[in-house]
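User: Please take a close look at one helix in this model and at what surrounds it. I would like a connected account rather than a list.

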Amino acid sequence: MANPTMGMAALSGTMAGTQQGMISFTQSNEQEADRIGIQVLQRAGFDPEAMPDFLQKLADQSRYASKPPEMLLTHPLPDSRLSDARNRANQMARRITQSTQDYYMAKVRALGMYSSAGYGLTEDVLGAYEKGNVRQQTAAKYGRAILFYEAKKYDAARRLIQPLLDKDRDNVWFLDLMTDIDLGQKRAAQAISRLQAANAAQSNNPVLQLNLANAYVEGGQPAQASKILNRYTFAHPDDPNGWDLLAQASAAQGLRDEELSARAESLALGGRLDQAIGLLSNASALQKLGSLKQARYDARIDQLRQLQQRFRQYQRS
């Protein structure tokens, strides 16, 4: 009779060898992924050493954590991986790429309007930009105007942004912020006039289209807004901003079914399919039985239900 202890020992040894092979295979894959990632960074004009720097920050932040980030549970950062990434990055030729004006503008806007407390547009950031190149200095002025706007100090914000807009009347960043300032001061007519001219010069710019539609809504002209937004949502169906504005414009006109339909599309983009189907069902119920609008709403409900079924298949697998 075979010795069960010996059998278990042999099985354990085989499993350990298999697991070690899988670990070695995984580490090899990680190193290969790091190598390709560093090459992509370098070819795109980014600093290749940014990758090992980022990995080092991840390792430092999780070193004494009671529970490391979930990503590091399956993709650990041993010292060998960090040193390998550092060595590979050091071998790459550096390419100096100047950041664009749009980059600086997007950065200060994100920091000024959308960052959580403690990570916003600080005096240190603005001060550094004010001492930097021309693009950074322009972004600093724009950033200070954003801070005034966020604090509802509209006159101060206008005094900063107006000279920038005078120098560059087609600049979408300046036009967007000036629109916000106008609407904050209940000057919708002024915003509409400026944006009509800007849209004539840049007819396909989505930011200007949304700004003009928003100004129409705020200025009591929701029908004009709907004309723009119906075209916009057709061209950009994956932008929830367009659907949200269309819902507002429809509500202002008393078009309850169209409001519900637009809100449903926004919810669907966020994955809230049950709620979207519910709103579309309500919109359908408001229509005459057998009407073209009811058929359109019902067809969209069928599409979303099919999408639900596909998601459920993935969840079960």
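Analyst: The model is predicted, and the account starts at the end of the chosen helix. K186, just after helix 9, has a positive phi of about 60 degrees. The helix before that residue covers residues 172–184. Its 13 residues reach 18 Å from the first C-alpha to the last, close to the 18 Å expected at 1.5 Å a residue. At the other end, where helix 9 starts, a side-chain oxygen of N171 comes to within 2.9 Å of the backbone nitrogen of W173.

Is helix 9 enclosed or open to the outside? It is largely enclosed by the rest of the structure, because eleven of its 13 residues are buried; the cut-off for buried is under 20% relative accessible area. The buried set begins with V172 and continues with F174, L175, D176, L177, M178, T179, D180, I181, D182 and L183. D176, D180 and D182 are thus among the buried residues, along with L175, L177 and L183. An α-helix has 3.6 residues a turn, so residues three or four places apart point the same way.

The cover over these buried residues includes several other helices. Among them are helix 5 (101–114), helix 7 (134–150) and helix 8 (154–167). Helix 10 (188–201) and helix 11 (206–218) also belong to the cover.

Two of the buried residues, D176 and D180, also line the second largest pocket. About 340 Å³ of space lies in that pocket. Helix 9, helix 11 and helix 13 each supply at least two residues of its lining, and helix 11 gives the most, with five. Besides D176 and D180, the lining includes R109, V207, L210, N211, N214 and E218. N241, D244, L245 and Q248 also line the second largest pocket. By class, the lining has five charged, four polar and three nonpolar residues.

The largest pocket can be set beside this one. Its volume is about 460 Å³, and 17 residues line it, of which N230, T233, W243, S261 and R296 lie nearest its centre. Helix 12 (222–235), helix 13 (240–252), helix 14 (256–269) and helix 16 (292–316) each supply at least two lining residues. Helix 16 provides the largest share, six residues. The lining of the largest pocket has seven nonpolar, five polar and five charged residues. Helix 13 supplies at least two residues to the lining of the largest pocket and at least two to that of the second largest.

Technical notes:
Residues are numbered from 1 along each chain as its sequence is written. This is a predicted model: local features need pLDDT of at least 70, side-chain atom pairs count only at pLDDT 80 or more; totals for chains, interfaces and linings use all residues. Side-chain values use heavy atoms; hydrogens and water are left out. Helices (H or I, at least four residues) and strands (E, at least two) are DSSP runs, numbered from the N terminus. The expected span of a helix is 1.5 Å times one less than its number of residues. Buried means under 20% relative accessible area, exposed over 50%, partly exposed in between (1.4 Å probe, protein chains only). Contact means heavy atoms within 4.5 Å. A polar contact is a pair of N or O atoms within 3.5 Å; within protein, one must be able to donate a hydrogen and the other to accept it, and residues adjacent in sequence count only if both atoms are side-chain atoms. On a 1 Å grid over the protein atoms alone, a cavity is a set of points where a 1.4 Å probe fits but cannot get out, and a pocket is an open set with protein on both sides within 12 Å along at least five of seven lines; lining residues have an atom within 4 Å of a point. Grid points are joined across faces, edges and corners, and a volume is the space filled by probe spheres set on the points. Ala, Val, Leu, Ile, Met, Phe, Trp, Tyr, Cys and Pro count as nonpolar, Asp, Glu, Lys and Arg as charged, and the others, Gly among them, as polar.
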